[in-house]
Amino acid sequence: MNTLLIHTKIHENGIPSSIQVRKCSECGKEFKSRAGLWKHEQAHFGNTKVHKCDLCGKTFAESSRLKQHYLIHTGEKPFQCETCLKRFNKKSTLLVHTKIHENGIPSPIQVRKCSECGKEFKSRAGLWKHEKTHFGNTKVHKCDLCDKAFAESSRLKQHYLIHTGEKPFQCETCGKCFNKKSTLLIHTKIHENGIPFPIQVRKCSECGKEFNSRAGLWKHKRTHMKSQSS
């Protein structure tokens, strides 16, 4: 009865009493939409992807999709952006691309070209990563103490501070020293956020090493406990 009541709403809402149905020519099953009928008929007729690429064997249900697929093999890009002149092999990809310009990104987009092969990139990072494939390993500055290598001599110089124990960057507020300027800058945020000065330090009773927090000291003490138990 409930199903009947739901069905009567169709007629009450002015939909014709005889809803057009589409019948499967193989088994007679009825469908209200072409899409439903088409999907069902696939079960009878098997694979409908009859349009086959003779270059890679990939198949498609529609000849238009196969035609578009061939552009991958030929390298053609018939769809061009009117703003920056970049080309695409799919109209849908071009439409997505145009959103870049609509959202206020400067036109034309600055591109960076590889000096070796001419390939273009939108970012310095992308170009740098690509150029490594031409020039091989760029980490030519090698530490003679631990064999770690760096792309820039300045990074190697900073690395040596780990071995020497030097900490040339000192906090003007509490006097604590660091081997990296970036670490010092992070540290200064402690004082800017109103943490008391001077910061209370906690000293390890075993080796005298100092810590700003109980958690740091406790974690450090565990290394002594492990060495004593072994």
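Modeller: Before we start, a word on terms: a residue is called buried when its relative accessible area is under 20%, exposed when that area is over 50%, and partly exposed in between. Keep in mind that this is a predicted model.

Colleague: Got it. So does His220 count as buried or exposed?

Modeller: His220 sits in helix α8, which runs over residues 214-229. Leaving aside residues up to four places away in sequence, His220 touches Cys204, Cys207, Lys209 and Phe211. Its relative accessibility is 14%, and the cut-off is under 20%, so His220 counts as buried.

Colleague: Let's zoom out. What share of the residues in the protein chain is buried?

Modeller: The protein chain has eight helices and 14 strands. Its exposed area is about 18200 Å², with carbon and sulfur atoms supplying 53% of that. Out of 230 residues, the buried share is 18%.

Colleague: And what share of the contacts in the protein chain with a separation of 6 or more comes from residues 24 or more positions apart?

Modeller: The UniProt record, an unreviewed entry, annotates "domain: C2H2-type" over several stretches, including residues 51-78 and 141-168. Over residues 51-78 the chain is 43% helix and 14% strand, with the end C-alpha atoms 22 Å apart. Residues 141-168 come out at 43% helix and 14% strand too, and their ends lie 22 Å apart. As for contacts with a separation of 6 or more, residues 24 or more positions apart account for 3%.

Colleague: Now helix α6. How far apart are its end C-alpha atoms, and what should the helix span?

Modeller: Helix α6 takes in 12 residues, 153-164. At 1.5 Å a residue they should span 16 Å, and the distance in the model agrees: 17 Å.

Colleague: Which residues of α6 are buried?

Modeller: An α-helix has 3.6 residues a turn, so residues three or four places apart point the same way. The cover over the buried residues of α6 includes β9 (141-142) and β10 (149-150). After the helix comes Gly165, with a positive phi near 80 degrees. The buried residues in α6 are Leu156, His159 and Leu161.

Colleague: How many disulfides does the structure hold?

Modeller: A disulfide is a covalent bond between the sulfur atoms of two cysteines. For Cys174, the closest cysteine sulfur is in Cys171 at 3.7 Å, too far for a bond because the cut-off is within 2.5 Å. Cys177 has its closest cysteine sulfur in Cys174, 8.8 Å away, which is also too far. The count of disulfides is zero.

Colleague: Are Cys174 and Cys177 buried, or are they partly exposed? What do their relative accessible areas come to?

Modeller: Both values fall between the 20% and 50% cut-offs, so both residues are partly exposed. Cys174 has a relative accessible area of 27%, and for Cys177 the value is 28%.

Colleague: Which side chains meet in a salt bridge?

Modeller: Side chains of opposite charge can pair when their charged atoms come close. Here the count comes to one salt bridge. Its N to O distance is 3.9 Å, so it passes the cut-off of within 4 Å. One partner is exposed at 53%, the other partly exposed at 47%, and they are Lys23 and Glu30.

Methods: Residues numbered from 1 in each chain as written. Predicted model: local features only at pLDDT ≥ 70, side-chain atom pairs only at ≥ 80, totals over all residues. Heavy atoms only, no water. Helix = DSSP H or I, 4+ residues; strand = E, 2+ residues; numbered from the N terminus. Expected span 1.5 Å × (residues − 1). Buried < 20%, exposed > 50% of the residue type's maximum accessible area, 1.4 Å probe, protein only. Contact = heavy atoms within 4.5 Å. Areas by Shrake-Rupley, 256 points an atom, 1.4 Å probe, with all protein chains shown as cover. UniProt positions renumbered as here; feature names shortened; annotations may be inferred.
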